[in-house]
Amino acid sequence: MNAPLPHAEHAAVAPSITNPMLHPMVDPKLPERSPAMCIARGDGVYVFDEAGKRYLDTVASLWNVNVGHNRPEIRAAIVAQLDKLAYYSTFVNTTNAPAAELATRLMAMFAPEKMARVMFSSGGSDAVETAIKLARQYWKLEGHADRVKILSLKLGYHGVHFGGASANGNPLFRVAYEPLMPGFFQVEGPYAYRNPWGATSEEQLLAFSLAELERTIQYQGPSTIAAFMAEPVQGAGGVIVPPAGYWAGMRRILDQYGILLISDEVVTGFGRIGSLCGARAWGVAPDIMAMAKGINSGYVPLGATLLNDRVANAWKRDHPLAAVMHGYTYSGHPLACAAANANLDIVVAEDLPGNAAAVGTYMMGRLREFDRYPMVGDIRGKGLMAALELVKDRSTKQPLLMAEAPAQKLVQVARDAGAIVRIQGNRLIISPPLVFTRAHVDEMVAILHTAVAQAQAAAG
Ligand SMILES: Cc1ncc(COP(=O)(O)O)c(C=O)c1O
């Protein structure tokens, strides 16, 4: 049998099956050992279990409930739409009012990026898949059918469909599902804490990582590459924040070789790192954006793939392959789009990108306090997106994994103290609702101090 992958969460013993549900991202034997935590209710930045115990949601469920739980405005929009029409397809040439409104609104929001078209779907993996397929179709319409390869970053996460999984840069999401798709290649990214070049400054890291990107492009052959796809801040990979010049430098290199830039904005879209989209935070306009999560804060599943005018214009010409033979039964779902319109009203009215920037700066300041615990090897983040990287030994940087006793203790102590915290691999991920205040940060930090101190005592 193969050795377990280093960051996968495994259970040692197989108990009898009592829970028929396969939970995502875990060996099914693990949830069998203890009953699943059942979340019964939500209110703002808090959720409640069935016994009524309250928890601060430090991860906005899955980086997505950005406006907070149970907002009456979104409920009202969904109910109003439900009273008119729960669902009708948008295939071929049918539309519905919430979908049409949302499409227009997104074009206005992302006018600085020159976005011109949007295709809706049911989530982030769908949005990524749509981006990859339309990028390939674009090149066929442009008369470059040989431009098919997709480059992405190691430790990048682009969802679970076969295109996204083939672009993912972490073996955890790949090995069990191989063979993946041909034509996908991952480039070493600018991960300061564990970079393979021994770079010790931002300038060095920037130079090494951009050189690596350009070398890969030249090695693969620029005329065979359709697109480069990346997250503005790598989320599931461990909240890896690139050096300030990385996105601009990367865009320059892509432009030099005519390669499309797909920004995977599934986490960073709609404010999380302090601007309406993540690429904008780096001063870069992508060609294609994959969005989901914060588009309607998870009230109803929804994804969106936006194309800029350069890409959209390819469909203006007559071509035998011009029909978009892609789309989902739930593309433009009226309830999801109604929820998105109400959600985006809140994002704008409450300036959630601005709040994420301001409260995020305060949060990062407070998180620096965790430097006092030897098990916290690195502290990093941008806006309301942060990670504490847990290690057994600061000098070797050996990861302290989620499945190990001190990390389990951390999660349990935090939960007992009233906060849901998430450790992924060896990174404690912090991605609260964007309506977080400084007081919420203080509440979270106080609980984390208790939890990390006890975990540190357990780690020795
Ligand atoms: C950057 C990124 N892309 C794509 C996805 C996939 O989204 P979904 O889980 O909605 O399919 C995720 C999910 O976390 C993500 O973080």
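This note goes through a predicted model point by point, from a pocket to side-chain contacts and backbone details.

1. Basis. Residues are numbered from 1 along each chain as its sequence is written, and side-chain values use heavy atoms, with hydrogens and water left out. Because the model is predicted, local features need pLDDT of at least 70 and side-chain atom pairs count only at pLDDT 80 or more, while totals for chains, interfaces and linings use all residues.

2. The second largest pocket. About 1000 Å³ of space lies in this pocket. A pocket here is an open set of points on a 1 Å grid over the protein atoms alone, where a 1.4 Å probe fits, with protein on both sides within 12 Å along at least five of seven lines; lining residues have an atom within 4 Å of a point. The volume is the space filled by probe spheres set on the points, and grid points are joined across faces, edges and corners. The second largest pocket is lined by 28 residues, and the closest to its centre are Val92, Arg117, Val118, Met119 and Val324.

3. Make-up of the lining. Strand β4 gives the largest share of the lining of the second largest pocket, five residues. At least two residues each come from α4 (97-109), β4 (115-121) and α10 (309-313). Helices (H or I, at least four residues) and strands (E, at least two) are DSSP runs, numbered from the N terminus. By class, the lining has 17 nonpolar, nine polar and two charged residues. Here Ala, Val, Leu, Ile, Met, Phe, Trp, Tyr, Cys and Pro count as nonpolar, Asp, Glu, Lys and Arg as charged, and the others, Gly among them, as polar.

4. Valine 92. This residue, one of those closest to the centre of the second largest pocket, is placed in the loop between α3 and α4. Its phi is near 60 degrees, a positive value in a residue other than glycine. Valine 92 counts as exposed at 88% relative accessibility (buried means under 20% relative accessible area, exposed over 50%, partly exposed in between, with a 1.4 Å probe and protein chains only).

5. Salt bridges. The count of salt bridges is 21, each being a side-chain nitrogen of Lys or Arg within 4 Å of a carboxyl oxygen of Asp or Glu. Lysine 29 and aspartate 27 form one, at 3.1 Å from N to O; lysine 29 is partly exposed at 29%, and aspartate 27 is buried at 15%. Another joins glutamate 73 to arginine 71, with the closest N and O atoms 2.9 Å apart. Glutamate 73 is partly exposed at 36%, whereas arginine 71 is buried at 13%. Arg194, Asp378, Arg380, Glu389 and Arg427 are joined into one network by salt bridges that share partners.

6. Aromatic pairs. There are six aromatic pairs. Rings of Phe, Tyr and Trp (its six-membered ring) pair if their centres lie within 6.5 Å; planes under 30 degrees apart count as stacked, over 60 as edge-to-face and the rest as tilted. The rings of tyrosine 87 and tyrosine 330 have centres 5.5 Å apart and planes at 75 degrees, so this pair is edge-to-face. Tyrosine 87 lies in the loop between α3 (72-84) and α4 and tyrosine 330 in the loop between α10 and α11 (334-349), so the pair ties together parts that are 243 residues apart in sequence. Tyrosine 87 is partly exposed at 28%, and tyrosine 330 is partly exposed at 46%. Tyrosine 138 and tryptophan 139 also form an edge-to-face pair, 4.9 Å centre to centre with 75 degrees between the planes. Tyrosine 138 is buried at 3%, and tryptophan 139 is buried at 5%.

7. Charges over rings. Arginine 54 lies over the face of tyrosine 46, 3.7 Å from the ring centre. The charged end of lysine 397 sits over the ring of tyrosine 193, 4.3 Å from its centre. The rule asks for NZ of Lys or CZ of Arg within 6 Å of the ring centre and within 35 degrees of the ring normal.

8. Further backbone details. The peptide bond from glutamate 178 to proline 179 is cis, with omega near 5 degrees, and proline 179 lies in the loop between α6 and β6. Aspartate 351, in the loop between α11 and α12 (352-367), has a positive phi near 40 degrees. Aspartate 351 is partly exposed, with a relative accessible area of 45%.
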